[in-house]
Amino acid sequence: MSGQEQKPLPGRRVFLAGGAAAALGVLLAPGIRLIEVAAATGGQPGTRASAKVRWGLLIDTTQCSSDCTACVDACQTENHISGTAPTDSQWLRKVELKDMRSGRSASVPVMCQHCAKPACVDVCPTGASFKRADGIVLVDRHACIGCRYCMMACPYKARSFVHAPVDDQNPEVPRGKGCVEGCTLCVHRVDKGQQPACVESCPNQAMLFGDLNDPESAISQRLRTIATTQVRADLGLDPGVRYHGI
Amino acid sequence: MVSFAAIARSALLAAGLAAAVGFAQADGRVPRPSVSVAPDAGSCVAPPAEMRRNHMDMLKHQRDKTLREGERGAKVSLNGCINCHAGKETGSVTGNGQQFCESCHAYAAVKLDCFECHQPKAAKTSQGGQR
């Protein structure tokens, strides 16, 4: 390092630059600021998660066969979860339900239910577990200390702890040892306007992804026409994942 | 153990080579960082002097915006750094002490934590993610 170019810490400069940026943030039109215009030209659809949207899933278990693991495989491929070691993360699993009296059985994919009032967020001591404006519940690994309190709080067993170092991450899905993680609803795909990997992979179209807040969305229309349930609705967490046929 | 020895050997060899061609500065015992940029990368998001001093703050600021507010396609992004600065042979910004992030952090003696979780390799980016 050459000594001549070093400047003192840029306290005042940064402050002045911040002031200039704030001045640029003046209102152009109601609700539109210059800074937001700049951010919106980043080239991605849906630049920010919007509170007007609530992402959810509708899973039709009558279309889900017990010997199919397409959604689980797609989840593991997308998020680079090896699924080989017994302690490996499990973002999505298939659960077999059987009514002992009648013998009727159903195969149910279970993942993070993306609750409106998530217990994992309530108990997190560092604020790492959080809910995005559009209802997707995530873990901020930068703040997660791996205490696993959220794993105990979640009634759906949706979260996993990463026990071993990870070295083959999807660049868009950072994962690492010492943090708790769970289904992200493929947030990196959703932000690009795509569907979650599990939904896309289902050969029977048993999973439907969409905006629960929009009455015209396909998922809302389907919810109006068929009987659906939330798992453990009695807990009052208001899951964003709904099931038909259980 | 074998791999560690191999790494140590190659590091010594590299240091020796650097010294032989006069690459290392006379005043430094630590090899100068190797700064590699992809040939077709264009210009960085900010001038080098600013990047050297402020890249950590830029990344930290943006990571919260991206993760918590879902802001995508911003100017600053870790994947953006990696795509331009990954080494030609390894395709990575870390690994053997000659790569962009790791060499400079070794020179400055600052621990590099990003790649405990983030993928240090370029190119796999969206295609790899989308299958």
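These exercises, with worked solutions, concern a predicted model.

**Exercise 1. Confidence in chain A**

Task: Determine which stretches of chain A have pLDDT under 50.

Solution. Start with the whole chain. The mean pLDDT of chain A is 86. Of its residues, 81% reach 70 or more. Next, take the weak stretches. Over residues 1–5 of chain A, pLDDT stays under 50. The model gives this stretch one contact beyond four places in sequence. Residues 16–46 of chain A also stay under 50. Here the model has 28 contacts beyond four places in sequence. Finally, apply the general caution: where pLDDT is low, predicted coordinates should not be read in detail.

**Exercise 2. Overall make-up of chain A**

Task: State how many helices and strands chain A has, and what share of its contacts joins residues 24 or more positions apart.

Solution. Count the elements: chain A has eight helices and 11 strands. Then take burial. Of the 246 residues of chain A, 35% count as buried. Last, take the contacts with a separation of 6 or more. Residues 24 or more positions apart account for 59% of these in chain A.

**Exercise 3. A three-stranded sheet**

Task: Give the strand order of the open sheet of three strands in chain A, and identify which strands stand at its edges.

Solution. The order is E10-E3-E11 of chain A, and the pairing is mixed. Now look for strands with a single partner strand. These are E10 (207–211) and E11 (241–244) of chain A, so one side of each is left without a neighbour in the sheet. Neighbouring strands of this sheet are turned by 20° against each other on average, direction ignored.

Then examine one pair. Strand E3 (55–60) of chain A pairs with E11(A) in the parallel sense, over four bridges. Within that pair, Asp60(A) has His244(A) as its bridge partner. Finally, add the helix. H8 (218–225) of chain A lies across E3, E10 and E11 of chain A. Its angle to E10(A) is about 115°.

**Exercise 4. A hairpin and its turn**

Task: Describe how E4 and E5 of chain A are joined, and locate the residue in the turn with a positive phi.

Solution. E4 (92–98) of chain A runs antiparallel to E5(A), with seven bridges between them. One of the partnerships is Lys98(A) with Ser105(A). The two strands form a hairpin with six residues between them. In the turn, Gly103(A) has a positive phi of about 85°.

Now take Asp99(A), in the loop between E4 and E5 of chain A. Asp99(A) has 10 other C-beta atoms within 10 Å, so this residue is exposed. Its C-alpha atom is separated by 30 Å from that of Ala197(A), 98 residues apart along the chain.

**Exercise 5. Three loop residues**

Task: Classify His114(A), Leu185(A) and Cys147(A) as buried, partly exposed or exposed.

Solution. A residue with 20 or more C-beta neighbours within 10 Å is buried; one with 12 or fewer is exposed.

- His114(A) sits in the loop between E5 (105–111) and H4 (119–123) of chain A. This residue is buried because it has 28 C-beta neighbours inside 10 Å. Its phi is near 45°, a positive value in a residue other than glycine.
- Leu185(A) is in the loop between E9 (180–182) and H6 (187–190) of chain A. Leu185(A) has 28 such neighbours inside 10 Å, so it is buried. Its phi is also positive, near 60°.
- Cys147(A) lies in the loop between E7 (137–139) and H5 (149–153) of chain A. With 15 C-beta neighbours inside 10 Å, Cys147(A) is partly exposed.

**Exercise 6. The cores and a helix of chain B**

Task: Identify the residues with the most contacts inside the largest nonpolar core, and find which face of H3(B) is buried.

Solution. The largest nonpolar core has 48 residues. Those with the most contacts inside it are Cys71(A), Cys75(A), Leu92(A), Cys198(A) and Met207(A). Elements giving two or more residues to this core include E3, E10 and E11 of chain A. Take Met207(A) as an example: its contacts include Leu57(A), Ile59(A) and Val199(A).

Another core, of 10 residues, lies apart from the core around Met207(A); among its members is Ile82(B). Now turn to H3 (78–85) of chain B. Its buried residues are Leu78(B), Cys81(B), Ile82(B) and His85(B). They fall within an arc of 95° seen down the axis, so they line one face of H3(B). They pack against H2 (48–69) and H4 (100–108) of chain B.

Conventions
Residues are numbered from 1 along each chain as its sequence is written. Chains are lettered from A and ligands numbered from 1 in the order in which they are written. This is a predicted model: local features need pLDDT of at least 70, side-chain atom pairs count only at pLDDT 80 or more; totals for chains, interfaces and linings use all residues. The arc is that of the directions from the helix axis to the C-beta atoms. Two residues are in contact if their C-beta atoms, placed from the backbone, lie within 7 Å. Two strands pair if DSSP finds at least two bridges between them. Axes are lines fitted to C-alpha atoms, for helices over the stretch in contact, and angles run from 0 to 180 degrees between N-to-C directions. pLDDT is the predictor's confidence in each residue, from 0 to 100. A nonpolar core is a set of buried Ala, Val, Leu, Ile, Met, Phe, Trp, Tyr and Cys residues joined through C-beta atoms within 7 Å.
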